[in-house]
Amino acid sequence: NNNNNNHQDQSIIGHVAPFSFFGQLSVDPPLVAFSSYRSEGGTRKKDAQLDAETTNCFCVNMVTEELAVAMNLTSATVGRLGDEFHVGGLSMTMADTIHAPFVTNTPVLMECQYTQTIDVGAFSIVVGRVQKIRVATTAIHSHHHHNDEEEDGAFLDIAKLKPVTRLGYVDEYAIVDKKI
C-alpha cells in the first residue's frame, strides 16, 4: 500500500492509499505501480495520485497483519487537507532519498521517484522507479544452502511478516503467512 504526500515547507499532509492495487512491474529498471480510481466520471483524482504527480515521489509501505486495522482506518474520507496518518494512529517518518513520509513501523518500505501515469478507463496507473528499499532486520532470515544450485543470503520472512494482500474485490483481503 502506498504513502503519498503533499509537501509544503513546514507542514506535511500525510496521505495513505490503503486500498490501491499495487504491484512490481520490473526489476531492471526497478519499477512499481499503484492504481488509483478516478471518481466523478474519471475526472477527480485521489490524493495519492495527485501527490505523486505534484511531488514526483511516493513511498510504498508493506501492510502487515499488525497494521491492518490502521490501514482500514486511513481509508476514511478526510478531504485533501486531512492527515490520514493521524486518522489511522500511524507515526510518520521522512524518507531518505525522496521528500516523502512513510509509515514509521512498516517492516518493508520502497522509496520511489514518480515516472508516469497511464490512464485506463476510470483508473490511473501511477508508476515509480524504486530509489531505495528498506527492510527491518526483524523481517529477514538468513539461509545457507549446501549445494551450488541455490543462493545463500538474506530473505524476507513471509511467515513472520504476515503481509496483507488485496484479493480483488472491494472488501476482500488476506494475510499471507506461508510461501509455497
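This report looks at salt bridges and a nonpolar surface patch in the structure above. The model is a predicted one, so please read every value below as computed from that prediction.

**Salt bridges**

How many salt bridges are there? The count comes to six. Three of them are set out here, with the distance between the N and O atoms.

| Basic residue | Acidic residue | N to O distance |
|---|---|---|
| Arg38 | Asp119 | 3.2 Å |
| Lys132 | Asp96 | 2.5 Å |
| Arg134 | Glu111 | 3.5 Å |

Let us begin with the side chains of Arg38 and Asp119, which meet in a salt bridge. This pair links distant parts of the chain: Arg38 sits in the loop between strand E4 (31-37) and helix H1 (39-42), while Asp119 belongs to strand E8 (residues 108-120), and the two are 81 residues apart. Is Arg38 buried or exposed? Arg38 counts as buried, because its relative accessible area is 9% and the cut-off for buried is under 20%.

Next comes the salt bridge between Lys132 and Asp96. Here, too, distant parts of the chain are linked: Lys132 is in strand E9, and Asp96 lies in the loop between strand E6 (92-94) and strand E7 (101-103), 36 residues apart. Lys132 is partly exposed, at 28% relative accessibility. Asp96 is also partly exposed, with a relative accessible area of 49%.

Arg134 forms a salt bridge with Glu111. The pair again links distant parts of the chain, with Arg134 in strand E9 and Glu111 in strand E8, 23 residues apart. Arg134 is partly exposed, at a relative accessible area of 26%, whereas Glu111 is buried, at 0%. Which residues are joined into one network by salt bridges that share partners? They are Asp96, Glu111, Lys132 and Arg134.

**A nonpolar patch on the surface**

Now to the surface. Ile133, Val135, Ile140 and Leu156 form a nonpolar patch there, and together they have about 280 Å² of accessible area. One of these residues, Val135, is found in strand E9 (residues 123-135), the strand that also holds Lys132 and Arg134. Why can Val135 belong to a patch? Its relative accessible area is 33%, so Val135 is partly exposed, and patch residues need over 30% relative accessible area and no salt bridge.

**Putting it together**

Strand E9 is a good place to start when you turn the structure: look there for Lys132, Arg134 and Val135. From Lys132 you can go on to Asp96, and from Arg134 to Glu111.

Methods:
Residues are numbered from 1 along each chain as its sequence is written. This is a predicted model: local features need pLDDT of at least 70, side-chain atom pairs count only at pLDDT 80 or more; totals for chains, interfaces and linings use all residues. Side-chain values use heavy atoms; hydrogens and water are left out. Patches are made of residues with over 30% relative accessible area and no salt bridge: like charges are joined within 9 Å, nonpolar side chains (Val, Leu, Ile, Met, Phe, Trp, Tyr) within 5 Å. Accessible areas come from the Shrake-Rupley method with a 1.4 Å probe; for residues, only the protein chains shown count as cover. A salt bridge is a side-chain nitrogen of Lys or Arg within 4 Å of a carboxyl oxygen of Asp or Glu. Helices (H or I, at least four residues) and strands (E, at least two) are DSSP runs, numbered from the N terminus. Buried means under 20% relative accessible area, exposed over 50%, partly exposed in between (1.4 Å probe, protein chains only).
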